[in-house]
Amino acid sequence: MANKKHSRRRERFRWWFSRKKKKADPFDSRAGITEDAVEEDAGFCGWSMEMDPRISTHELRVFVGTWNVAGRSPVRSLAADLDEWLNLKDIDHTADVYVLGFQEIVPLNPQSIIAGENATEATNWNMLIGKTLNDKYGCPWLTPMLNPINSDDYYYSGIPETERRYISRSQITTQLRSQTRSQTGQSYRYSRYKLIASKKMVGVFISVWIRRELLKAYSISDVRVCSVACGIMGYLGNKGSVSVSMSIGGTSFCFIAAHLASGEKKGDEGKRNYQVSEIFRRTSFPRLPRDGNLVPPTILGHDRVFLFGDLNYRLYLEDNLARELIRKQDWKALQEFDQLQKELEDGGVFQGWKEGSLEFPPTYKYSSTNSNRYSGGLPSRAREKQRTPAWCDRILWYGKGVKQISYFRSESKFSDHRPVSALFSAQIEADKRANCRLVVPALVPSGTPCSIAEQANGEATTTLTSLIKTDADACPTNR
């Protein structure tokens, strides 16, 4: 009798489990989410349905810009120039990450080279950048800085525990659909950019800004900075680089803003090559005990690497011939004489590096008396430096998973250099989550723990909790 009861109970459980399997799993990563809802989220992440559900692959739009400002301080009237350089006219095509590199934010005189660092100019540039980025989204003032880096051993651990909260599955679905609708521009008024890292060495300066939504979507961690001085005597900071290393999700990024040796004499390109090799050799991002082996200690150890700045490579061409090709706008013919193009083809220190096609005029050197004209030329003008025009300001990348979308220069007449920028699509992968069945790229950061309690009280029940960073700050008012 007992055996019959046990058998009937077993049959009843078998029927119950088979019935449960036929029902839609409310915690399935695809349940209740339409195709529209899993397309790009506000233009910065996509969902790969064909990959292992424990791994999500996304694409970020990364804007990289470089500008030699010739020792001039930023002024309010420069906001329009920044707007053009950052290409903010169309908010539907703005980037998720803005990485801006500057050279000569202070005059390169003995006093500024030898004296201790002064953060005034860097702060002024950050204020102007923040205002320019955030004004487009209804935020009339610079957003609060998110732990900006001001030392070489800064550690950004990601989401503070005090800012975490649990959310339900219905909240995730609702917010994901709401964010999809933001592609129409409805929710951009809530979008802001936050300063995640900033570093200055004499006149070389880097500033990294990230959209607020990314801080909710991914684990932004392991932020490090490093500066390498390789100017006068090989160790002064009039030339060199400042670099930022960080992890977004499970992908490491490195951004290097550089200012290399000037000169257009034969053999000067060798000095620039040597400085690049020194930057690669001497740039080191310190590890902390908590990091394990996750933080790449060197530049080329990162998954995605961007090198940009006034690299100062010139043309193997006589001045009058260079100006003639510029007059004809024959950029393809002019590129054949470009020093950096030759270095990229030959390998050497640039083995594996890439650059987009130069479809714009040389960016240096413009006359200080007539900023629409290159300096020098014939007839020569009094007190004007004779310089063969060249593409001194460049943006390169290294590593897989990077696609360049655009590469162009802006027309600001603020200095004797024209600012240059490039927009990239960069793939990132979230960390593997062996116990997670739900991956919501727009809301759940990588490394988020899942809590699954199964077979409680004789029944199979599943619960999911996800930690996200909340940012309830409204647009700040004047402080």
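This short talk walks through selected parts of one predicted model: two helices, a strand with its partners, the aromatic rings and the cysteines.

Good morning, colleagues. I shall begin with helix α4, which covers residues 120–135. This helix has 16 residues, and the distance from its first C-alpha to its last is 22 Å, close to the 22 Å expected at 1.5 Å a residue. Which residues of α4 are buried? They are Glu121, Ala122, Trp125, Asn126, Leu128, Ile129, Gly130, Thr132, Leu133 and Asn134. These buried residues pack against α2 (79–85), β2 (97–103), β4 (193–201) and β5 (204–211).

Please keep one residue of that helix in mind, tryptophan 125. It counts as buried because its relative accessibility is 0%.

This brings me to the aromatic rings. The structure has 18 aromatic pairs in total. In one of them, tryptophan 125 meets phenylalanine 414 edge-to-face, with 6.4 Å from centre to centre and 85° between the planes. Where do the two partners lie? Tryptophan 125 is in helix α4, whereas phenylalanine 414 is in the loop between β11 (402–409) and β12 (420–429). The pair thus links distant parts of the chain, 289 residues apart. Phenylalanine 414 is buried too, at a relative accessible area of 7%.

A second pair joins tryptophan 353 and tyrosine 398; here the arrangement is tilted, with centres 5.3 Å apart and 40° between the planes. Tryptophan 353 sits in the loop between α10 (339–346) and β10 (393–398), and tyrosine 398 belongs to strand β10, so this pair ties together parts that are 45 residues apart in sequence. Is each partner buried or partly exposed? Tryptophan 353 is buried, at a relative accessible area of 6%, while tyrosine 398 counts as partly exposed at 22%.

Returning to tryptophan 125 and phenylalanine 414, I note that both belong to a cluster linked by ring pairs, together with Trp67, Trp85, Phe102 and Phe205. Phenylalanine 414 has a charged partner as well: the charged end of arginine 72 sits over its ring, 4.2 Å from the centre. Elsewhere, the charged end of arginine 418 is placed over the ring of tyrosine 366, at 3.8 Å from the ring centre.

I turn now to strand β7, residues 240–248. How many of its 9 residues are buried? The count is 9 of the 9, so the strand is largely enclosed by the rest of the structure. In general, side chains in a regular strand alternate between the two faces of the sheet. In β7, Gly240, Val242, Val244, Met246 and Ile248 point one way, and Ser241, Ser243, Ser245 and Ser247 point the other way.

The strand has partners in β6 and β8. With β6 (residues 220–229), β7 pairs in the antiparallel sense over 8 bridges, and serine 221 stands opposite serine 247 of β7. With β8 (residues 251–259), the pairing is again antiparallel, over 9 bridges; isoleucine 248 has threonine 251 in β8 as its bridge partner. β7 and β8 form a hairpin with 2 residues between them, and glycine 249 in the turn has a positive phi of about 65°.

Let me look more closely at serine 241, a residue of strand β7. Its relative accessible area is 0%, and it is buried. Beyond its neighbours within four places in sequence, serine 241 is in contact with Met201, Cys226, Ser227, Val228, Ile256, Ala257, Ala258, Ile279 and Thr283.

One of those contacts, Ile279, is among the buried residues of helix α7. The others buried in α7 are Asp268, Glu269, Arg272, Asn273, Gln275, Val276, Glu278 and Phe280. What covers these residues? The cover includes β6, β7, β8, β9 (304–310) and α10. Helix α7 itself runs over residues 268–282; its 15 residues should span 21 Å at 1.5 Å a residue, and its end C-alpha atoms are 21 Å apart, which agrees.

Another contact of serine 241 is Cys226, and with that I come to the cysteines. How many disulfides does the structure hold? It holds 0. For cysteine 226, the nearest cysteine sulfur is that of cysteine 254, 8.9 Å away. Why does this pair not count as a disulfide? The two sulfur atoms would have to be within 2.5 Å. Cysteine 226 is buried, with a relative accessible area of 9%, and cysteine 392 is buried at 0%.

Thank you for your attention.

Notes
Residues numbered from 1 in each chain as written. Predicted model: local features only at pLDDT ≥ 70, side-chain atom pairs only at ≥ 80, totals over all residues. Heavy atoms only, no water. Buried < 20%, exposed > 50% of the residue type's maximum accessible area, 1.4 Å probe, protein only. Helix = DSSP H or I, 4+ residues; strand = E, 2+ residues; numbered from the N terminus. Expected span 1.5 Å × (residues − 1). Contact = heavy atoms within 4.5 Å. Phe/Tyr/Trp six-rings, centres within 6.5 Å; stacked < 30°, edge-to-face > 60°. Lys NZ or Arg CZ within 6 Å of the ring centre and 35° of its normal. Pairing = 2+ DSSP bridges.
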